[in-house]
Amino acid sequence: MFGLVAQTLVNGINVGAMYGLIAVGLSLTFGVMKILNVAHGEFLMVGGYIAFWLFTLIGLDPFLCLPFVGVILFVLGALSYKLLFSGLAKFHEEAKVKNSLLVAFGLFLIFPQIARVLWTSDERAITPAYSGESFAILGIRVGYVPLAGLLVAVVIIFGLHLFLTKTYFGKSVRGTTENWKAAKLMGINVERTYLITFAVGAALAGIAGILVGMMQTVTPDMGMPWTLKALIVLVLAGIGSVGGAFFAGLILGIVEAVSAIFIGPYTMALGLVIFLLILMFRPQGLFGKE
Amino acid sequence: MAVDWKKILPIVGILIFLIFVPLVTSRTDVLTWFFLTLLYIALSQSWNIIGGFAGQVNLGHAAFFGAGALTARYIWLHFGLPFPLALLGGAVAATLFAMLIGLPAFRLKGIYFVIGTLVLAEILRLVFYTILPEADVMPMKLLGTYSLNPRYYLSLLFAVLSVAAVYWVSRSRLGMGLLAVREDEEAAEASGVNTQKHKLVAFLISTFMAGLTGGIYAYYGAAFRPGGLFEPVWTFDAVIIVFVGGVGTIIGPIIGSVFFVLLKQFLSLYLPGGMHVAVFGVLFIIVVLFLPEGLVELITKVRHRLLGESSQIVS
């Protein structure tokens with residue numbers, strides 16, 4: 001029994017790290033720009049496919065793909081923002097929030113179809129030689145790939161945290177989150193802050209996509225399920241709390257893994273039910289302040 | 001009240017044409033296109049009330065469509081009651097469900113309402129794929145006498161009713177209140193509009209209509225998987241049609257539905273399946289950014305320009 005529970009916990013943490021990574025990007029863009037990017041999962045999908053290409057076409061190790069995918073997705077995110085979202089600035093506050101949601105919804109419609117043309121509907125997985133390998137501690141199997149994925153996620157989240165708290169640009173991001181009008185008056189280039197934040201969010205999603213591609217599979221329609229996962233985590237954590245998002249991701253991963261033992265196929269729905277309950281009774285999230 | 005024949009005649013003409021379609025042709029593909037267009041008109045008009053007039057972006061419309069369809073199907077086929085009763089039962093089930101969800105859901109403002117409804121439909125989809133994994137097939141006896149014509153007329157009836165309902169809402173005091181809520185909720189509240197009540201009533205009307213539309217689908221589908229009734233595509237198609245056609249207008253969803261079905265059929269001849277969704281995605285973004293009233297606005301603009309120029313030539 002101990003073995004089963006411990007093994008489940010380890011598996012849950014591994015999956016949770018991916019949840020956390022994708023939710024952090026979504027949380028960042030929502031917190032700073034008040035844009036609910038329902039196309040966030042699409043960036044994850046694109047990241048996964050680019051890593052798949054780099055791996056199968058030129059044989060690049062998926063972990064070495066990280067910087068490439070990060071940069072490509074950063075550019076893609078920046079372009080999307082520049083072309084589509086920056087035009088929304090002309091609307092007043094409420095319309096801006098709603099229209100940005102709708103634009104993201106439009107992107108969500110387009111991306112999977114393009115992916116279907118480029119990569120077909122087949123399930124793709126990134127399988128380097130070591131992908132199935134694992135080692136044992138106290139009889140618990142720990143896979144190399146999930147462990148490395150967890151490390152990558154932790155390092156990236158920690159890096160993001162330092163970036164937001166220690167650098168001057170991070171300060172401007174936090175300032176814009178608090179009050180963009182005041183930030184603008186203080187001489188912060190709000191437009192550029194938005195652009196970079198959105199691009200960083202996309203890059204984070206893309207990197208999460210590599211991990212998903214190694215541990216699960218990549219398909220054109222994977223975007224929406226992952227966006228939903230990220231939304232659950234986001235609401236669990238409290239919207240806009242970056243550090244909280246990562247921990248909430250871990251919690252969701254563990255809860256899902258453990259509950260799978262007891263309620264089997266209803267696990268997927270469980271996460272969503274938790275989500276609705278939180279939304280109704282504690283809308284500021286577990287880690288949010290009133 | 002003076003009757004404006006210029007406006008009424010074309011409507012009557014279109015209706016007579018639609019009534020005669022099944023008598024003129026027996027091609028099932030043509031009938032199916034018409035059926036789908038009418039079904040989409042009913043579905044998108046139902047979304048239009050909550051999303052277009054009240055301005056509450058409901059991304060979980062499939063939940064109510066599915067609840068109506070599944071209830072109607074069970075009452076009709078599995079409990080063996082007459083179909084009209086089943087249709088009503090489905091709509092009532094969807095509305096009851098909306099009431100259950102609506103009261104807490106409207107405590108969630110703006111973005112939370114969007115996420116909440118999106119997730120709700122997803123829960124139902126997962127649950128029904130799990131508890132009812134097998135396809136629901138019509139009994140052989142019914143399949144033997146299956147005819148598209150009654151399905152077609154039913155969809156025509158409900159498409160007309162849904163347009164009438166939206167017309168009524170747009171002219172009523174309720175509609176005025178909803179517009180006020182959409183434009184500025186706080187200002188509406190301050191000027192004495194009970195915003196919670198308005199939103200809830202709009203939600204109930206909208207979901208009742210979605211439930212009815214689901215009932216039509218339950219009557220039409222020879223076989224489907226219960227979970228599939230809750231697929232987000234039912235929501236998304238409605239949202240796309242309403243926005244591309246013209247959100248918050250009466251004629252917009254009609255134009256949108258015709259355009260959507262036609263383009264879907266046309267593109268499927270030349271492009272790999274599903275590409276019409278991408279085309280509509282692009283259109284959708286263009287509409288949101290540049291044409292807030294969709295194709296309706298485009299048509300009026302073009303007409304004004306043409307008429308304006310021709311009148312200049314005449315003068």
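What follows is a short working chat about charges and confidence in this predicted model.

Student: Before I trust any contacts, what does chain A average in pLDDT?
Tutor: Remember that this is a predicted model. Chain A averages a pLDDT of 84. In that chain, 96% of the residues score at least 70.

Student: Where is confidence lowest in chain A, and where is it highest?
Tutor: The low end is helix α11 of chain A, residues 267-281, at a mean of 74. The high end is helix α2 of chain A, residues 40-58, at 91.

Student: Switching to electrostatics. How many salt bridges over all chains?
Tutor: The count comes to nine.

Student: Give me one in chain A. What does Arg116(A) form a salt bridge with?
Tutor: Its partner is Asp221(A). The closest N and O atoms are 3.2 Å apart.

Student: Which parts does that pair tie together?
Tutor: Arg116(A) sits in helix α4 of chain A, residues 93-119. Asp221(A) is in the loop between α8 (190-215) and α9 (223-237) of chain A. The two are 105 residues apart in sequence, so the bridge ties together separate parts of the chain.

Student: And how accessible is Arg116(A)? What about Asp221(A)?
Tutor: Arg116(A) has a relative accessible area of 24%, so it is partly exposed. Asp221(A) is partly exposed too, at 44%.

Student: Now chain B. What does Glu122(B) form a salt bridge with?
Tutor: With Arg125(B), and the closest N and O atoms are 2.6 Å apart. Both residues lie in helix α5 of chain B, residues 111-131. They are three residues apart, about one turn of the helix.

Student: Is Glu122(B) buried or exposed? Same question for Arg125(B): buried or exposed?
Tutor: Glu122(B) is buried, with a relative accessible area of 8%. Arg125(B) is buried as well, at 17%, because the cut-off for buried is under 20%.

Student: Which other side chain meets Arg125(B) in a salt bridge?
Tutor: Glu231(B), at 3.7 Å from N to O. This pair links distant parts of the chain, 106 residues apart. Glu231(B) is in the loop between β2 (223-224) and α11 (232-245) of chain B, while Arg125(B) is in helix α5 of chain B. Glu231(B) counts as partly exposed, at 24% relative accessibility.

Student: Which residues do the shared partners join into one network?
Tutor: Glu122(B), Arg125(B) and Glu231(B).

Student: Last topic, the surface. Which residues form a negative patch?
Tutor: Glu93(A), Glu94(A), Asp184(B) and Glu186(B).

Student: Where is Asp184(B)?
Tutor: In the loop between α8 (173-183) and α9 (185-190) of chain B. Asp184(B) is partly exposed, with a relative accessible area of 35%. Patch members need over 30%, so Asp184(B) clears that cut-off.

Note on methods: Residues numbered from 1 in each chain as written. Chains lettered and ligands numbered in written order. Predicted model: local features only at pLDDT ≥ 70, side-chain atom pairs only at ≥ 80, totals over all residues. Heavy atoms only, no water. Patch = residues over 30% accessible without salt bridge, like charges linked within 9 Å, V, L, I, M, F, W, Y side chains within 5 Å. Areas by Shrake-Rupley, 256 points an atom, 1.4 Å probe, with all protein chains shown as cover. Salt bridge = Lys/Arg side-chain N within 4 Å of Asp/Glu carboxyl O. Lys, Arg positive; Asp, Glu negative; His and termini not counted. Charge placed at Lys NZ, Arg CZ, Asp CG, Glu CD. Helix = DSSP H or I, 4+ residues; strand = E, 2+ residues; numbered from the N terminus. Buried < 20%, exposed > 50% of the residue type's maximum accessible area, 1.4 Å probe, protein only. pLDDT = per-residue confidence, 0-100.
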